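Trainee: I would like to learn how to read aromatic pairs. Could you walk me through them?

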Amino acid sequence: MRRRLLKMIVDAGQGHPGGDLSATDIVATLYFDILRIDPVDPTAAGRDRFVMSKGHCTGALYTALSGAGFFAEAELDTYLKPQSRLNGHPNRTYLPGVETNTGPLGHGLPVATGIAVAGQIDDAGFRVFALTGDGELQEGSMWEAAMFAGHRGLGNLTVIVDRNGLQQGARTEDTNALEPLADKWRAFGWEVVGVDGHDHASLLAAFDDAALPRSKPRCIIAETVKGKGISFMEHQAAWHHGLPNADQFALANGEFDMDMAR
């Protein structure tokens, strides 16, 4: 997925590689192990819902949707091109498997909360998962949704915080500090668990626990590395939005080769 999404960004001439790479393991674990979804029937009433609240990270989302069978891998080559279904932000009217349009930060979790309320009212069996960036948590709409979800006891809702510690241009803690982050979620009535966001076994355990019947929404704070897997991108805020040159692209693919060979 990392190799493919980086090629998409390079071919398109734009993208958000840092956040895509920090979220890749989370998205892969959800799509290939957790979500009850069917690409043959993408709007099935009983499907689980996934909302990419950090909507600029479409590289990770589109590679997962393609790998899960929602569209052919060859379509990834059209990323950000004119008339492509693969916009810079996901669009549910274009692409099967996209639950809601996202892009302006602070919108995805509120929508996911509304979906979870609908499921609660209907006593439906589906689960709702929302992936948010940590910088996105500086939006007030996120905490309004968190407060409401805690009040409603939305046990069918899980939010995953991609906690890479960086946002566009700076560290989150230098911009508008989030810590103590876990305590904030608990104060809003949520169960909270912390995991290594690049350890698939830890992610699986956290998601499996989220499937258990409960009376509170669940927040998984996934500690991640912005630009994960590419040495010159890791922990660098400058790669929130950036384009590797030819030499950097070759270096990144060489590192992917070494990682795959381990």
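**Reading the aromatic rings**

Mentor: Let us begin with one ring: W143 is buried, with a relative accessible area of 16%, where buried means under 20%, exposed over 50% and partly exposed in between (1.4 Å probe, protein chains only). This is a predicted model, in which local features need pLDDT of at least 70, side-chain atom pairs count only at pLDDT 80 or more, and totals for chains, interfaces and linings use all residues. Residues are numbered from 1 along each chain as its sequence is written, and side-chain values use heavy atoms, with hydrogens and water left out.

Trainee: How many aromatic pairs does the structure hold?

Mentor: Rings of Phe, Tyr and Trp (its six-membered ring) pair if their centres lie within 6.5 Å; planes under 30 degrees apart count as stacked, over 60 as edge-to-face and the rest as tilted. Here there are seven aromatic pairs. In one of them, the ring centres of Y62 and Y79 are 5.9 Å apart and the planes stand at 80°, so this pair is edge-to-face.

Trainee: Are Y62 and Y79 buried or exposed?

Mentor: Y62 is buried at 0% relative accessible area, and Y79 also counts as buried, at 2%.

Trainee: What kind of pair do W143 and W185 form?

Mentor: A tilted one, with 4.9 Å centre to centre and 45° between the planes. W143 lies in helix α5 (residues 140–152) and W185 in helix α7 (residues 181–187), so the pair ties together parts 42 residues apart in sequence. Helices are DSSP runs (H or I, at least four residues), numbered from the N terminus. W185 is buried, at 0% relative accessibility.

Trainee: Which residues form one aromatic cluster?

Mentor: W143, W185, F188 and W190 do.

Definitions and conventions. Helix = DSSP H or I, 4+ residues; strand = E, 2+ residues; numbered from the N terminus.
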